[in-house]
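Colleague: Hi! Could you walk me through this one while I have it open? I'll just fire off questions as they come.

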Amino acid sequence: MTRTGTAVAGAALLIGCVSAPAASQSSGSGPDARVLVFSKTAGFRHDSIPEGIAAVRELGAGHGFAVDATEDAGAFTARNLARYDAVVFLSTTGDVLNDTQQSAFERYITRGGGYVGVHAAADTEYDWAFYGGLAGAYFQSHPAIQPATVTVEDRSHPATSGLDESWTRVDEWYNYRSNPREKVHVLASLDESSYTGGTMNGDHPIAWCHDYQGGRAFYTGVGHTKESYAEPALRQHLLGGIRWAIGEARADCRPENGYRPLFDGTAESLSAWRQAGPGSFELDGDGTLTSSGGMGMLWYAASEYRSYSLKLDWRMASASGDDNSGVFVGFPPSDDPWSAVNNGYEIQIDATDVPERTTGSVYGFRSADLRKRDRALNPAGEWNTYEIRVEGERLRVWLNGVKINDFTNTDPARSLRDGHVGIQNHGADDRVSFRDIRIKELPERSVGTMPPAPSAAPAPAGVPAPAPGD
């Protein structure tokens with residue numbers, strides 16, 4: 001939905017050219033997905049291990065992946081590990097693998113394997129640097145078992161998307177030897193003011209994910225007690241981590257630091273936003289904004305931005321993926337949504353349109369890399385994350401951590417070098433939700449210089465001038 005000539009042209013586009021929904025590809029999903037649960041201990045042994053194994057087996061039976069469990073380190077051979085999409089280290093402790101087994105596991109990870117560490121997996125293999133990097137941090141100490149509040153930082157990742165912003169529960173809460181935040185993507189952290197015995201100076205990650213040397217690694221510090229594995233919320237948390245590790249669900253697990261919220265789920269944070277045009281966004285009790293009616297746009301009026309990384313989480317409601325919305329950047333202040341259309345650019349959300357007007361496209365100007373987009377895209381009903389990075393006249397788009405578009409403005413009637421940001425509410429039949437809109441301003445530098453042109457650049461050949469919402 002960028003650029004327009006007339007309302008008549010816009011109406012024509014609303015009923016034009018629709019193709020099949022984009023597929024969401026998964027490397028490890030489906031009936032052949034298999035997970036190995038490894039629970040060997042060479043130190044303290046948690047009496048909750050049997051309950052943990054049973055929980056993973058039940059999750060697998062209910063969600064389409066097979067589960068094997070072992071305490072035999074001899075399972076760590078190249079040939080055997082190749083059978084599995086992820087290996088769960090379930091409260092392992094101490095030195096559990098010899099050098100040959102370690103080498104086999106390293107090769108498994110570097111060839112794209114998945115790792116899920118649960119609780120005492122951080123109390124494992126202190127002298128194996130590769131494992132320390134994979135797990136993200138080593139255990140240091142813990143206070144007595146007690147209730148504490150977990151702050152959910154990423155509500156898009158499948159391990160945390162079903163949780164409230166605050167999650168209060170009883171566990172044995174680990175302190176770690178180092179803070180992994182700079183190297184991993186933190187999903188949840190402990191509120192150290194909610195319990196006694198935290199030693200990480202108020203920044204206390206407790207669950208995280210990251211891509212590591214070719215593989216995928218998810219760790220959660222929960223799961224000490226037997227009762228933990230009967231908790232629906234914990235089971236959903238563990239299931240989401242496994243689904244991501246086996247490649248069934250996609251998420252942005254790059255480290256994220258330095259962002260500040262533009263919309264944090266509260267009504268107060270919406271005071272800086274303004275509705276342009278018809279329709280609105282509804283604020284749900286879980287901190288989610290959902291489009292209603294249209295065609296209009298909710299835009300952040302408090303500031304223009306020049307060089308920045310904008311991140312936000314979004315979800316389509318319909319099973320077909322045919323809901324329509326988008327994110328506008330680089331437009332001047334106006335209560336007319338057509339001003340954003342004519343002066344800015346839209347990164348589209350709609351999995352069923354033609355390439356230049358589908359999810360990840362710079363609407364009407366540049367298609368996403370559809371192969372990468374389809375592999376990165378979660379299906380309708382699940383959360384996705386965009387990063388939209390603007391530097392000079394260059395605009396790049398990441399979907400769930402995968403770069404899918406790289407566009408440079410050459411239209412002298414527009415400029416990405418400054419402007420506002422906004423989200424679209426398309427129409428009565430389109431329900432698209434947004435969460436956690438945040439921004440990080442970047443150093444300005446000369447990126448994407450716009451060459452001179454005698455007249456406005458036309459739309460790409462074969463692409464009609466778009467109108468809002470298509």
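Modeller: Happy to. Let's start with alanine 272, which sits in the loop between S12 and strand S13 (273-276). Keep in mind that this is a predicted model.

Colleague: Okay, what does alanine 272 touch, leaving aside its neighbours within four places in sequence?

Modeller: Alanine 272 is in contact with Trp299, Tyr300, Ala301 and Ala302, once those sequence neighbours are set aside.

Colleague: And how far is alanine 272 from leucine 262 in space?

Modeller: The two C-alpha atoms are 8.2 Å apart, with a separation of 10 residues in sequence.

Colleague: I've clicked on proline 333 too. Where is that one?

Modeller: Proline 333 is in the loop between strand S18 (325-331) and helix H7 (337-343). Leaving aside neighbours within four places in sequence, proline 333 has contacts with Trp299, Glu304 and His420. Trp299 also turns up among the contacts of alanine 272.

Colleague: How far apart are proline 333 and alanine 301, in sequence and in space?

Modeller: They are 32 residues apart in sequence, and their C-alpha atoms are 7.0 Å apart in space.

Colleague: Let's talk backbone. Which residues does a cis peptide bond join?

Modeller: Glycine 294 and methionine 295 are joined by one, with omega at about 10 degrees. Methionine 295 belongs to the loop between strand S15 (289-292) and strand S16 (296-300).

Colleague: What about serine 91, is its phi positive or negative?

Modeller: Positive: phi of serine 91 is near 50 degrees, and this is a residue other than glycine. To find serine 91, look in the loop between strand S3 (86-90) and helix H4 (99-110).

Colleague: Switching to helices. At what angle do H2 and H6 pack?

Modeller: Helix H2 (residues 49-63) and helix H6 (residues 232-245) pack at about 65 degrees, and their axes are 11 Å apart. The two helices are therefore roughly perpendicular to each other.

Colleague: Which residues make that contact?

Modeller: From H2 you have Ala55, Val56, Glu58, Leu59 and His63, and from H6 there are Arg235, Leu238, Leu239 and Ile242. By class, the contact has 6 nonpolar, 1 polar and 2 charged residues.

Colleague: Is the crossing left-handed or right-handed?

Modeller: H2 passes H6 in a right-handed crossing.

Colleague: Nice. On to empty space: how many cavities of 30 Å³ or more does a search of the whole structure find?

Modeller: The search finds 1. The largest cavity holds about 60 Å³ of space. Its lining includes Asp154, His157, His185, Arg250, Trp383 and Arg438.

Colleague: How does that lining divide into nonpolar, polar and charged?

Modeller: The lining of the largest cavity has 2 nonpolar, 5 polar and 5 charged residues.

Colleague: And the largest pocket, how much space lies in it?

Modeller: About 480 Å³. There are 22 residues lining the largest pocket, and Glu153, Asp154, Glu256, Asp436 and Arg438 are the closest to its centre. Asp154, Glu256 and Arg438 are also among the residues that line the largest cavity.

Colleague: Which strands each supply at least two residues of that pocket's lining?

Modeller: Strand S6 (146-152), strand S9 (185-190), strand S12 (260-263) and strand S24 (432-441) each do. The lining of the largest pocket has 7 nonpolar, 4 polar and 11 charged residues.

Colleague: Last one: what is the volume of the second largest pocket?

Modeller: The second largest pocket has a volume of about 400 Å³. It is lined by 19 residues, with Asp211, Arg216, Arg250, Asn400 and Val402 nearest its centre. Arg250 and Asn400 are also in the lining of the largest cavity.

Colleague: Where does the largest share of the second largest pocket's lining come from?

Modeller: From H8, which gives 3 residues. Strand S11 (215-220) also supplies at least two. By class, the lining of the second largest pocket has 6 nonpolar, 6 polar and 7 charged residues.

Conventions
Residues are numbered from 1 along each chain as its sequence is written. This is a predicted model: local features need pLDDT of at least 70, side-chain atom pairs count only at pLDDT 80 or more; totals for chains, interfaces and linings use all residues. Side-chain values use heavy atoms; hydrogens and water are left out. Axes are lines fitted to C-alpha atoms, for helices over the stretch in contact, and angles run from 0 to 180 degrees between N-to-C directions. Helices (H or I, at least four residues) and strands (E, at least two) are DSSP runs, numbered from the N terminus. Angles under 35 degrees count as roughly parallel, over 145 as roughly antiparallel, 65 to 115 as roughly perpendicular and the rest as oblique. A crossing is left-handed if the near helix is turned anticlockwise from the far one by less than a right angle, and right-handed if clockwise. Contact means heavy atoms within 4.5 Å. Ala, Val, Leu, Ile, Met, Phe, Trp, Tyr, Cys and Pro count as nonpolar, Asp, Glu, Lys and Arg as charged, and the others, Gly among them, as polar. On a 1 Å grid over the protein atoms alone, a cavity is a set of points where a 1.4 Å probe fits but cannot get out, and a pocket is an open set with protein on both sides within 12 Å along at least five of seven lines; lining residues have an atom within 4 Å of a point. Grid points are joined across faces, edges and corners, and a volume is the space filled by probe spheres set on the points.
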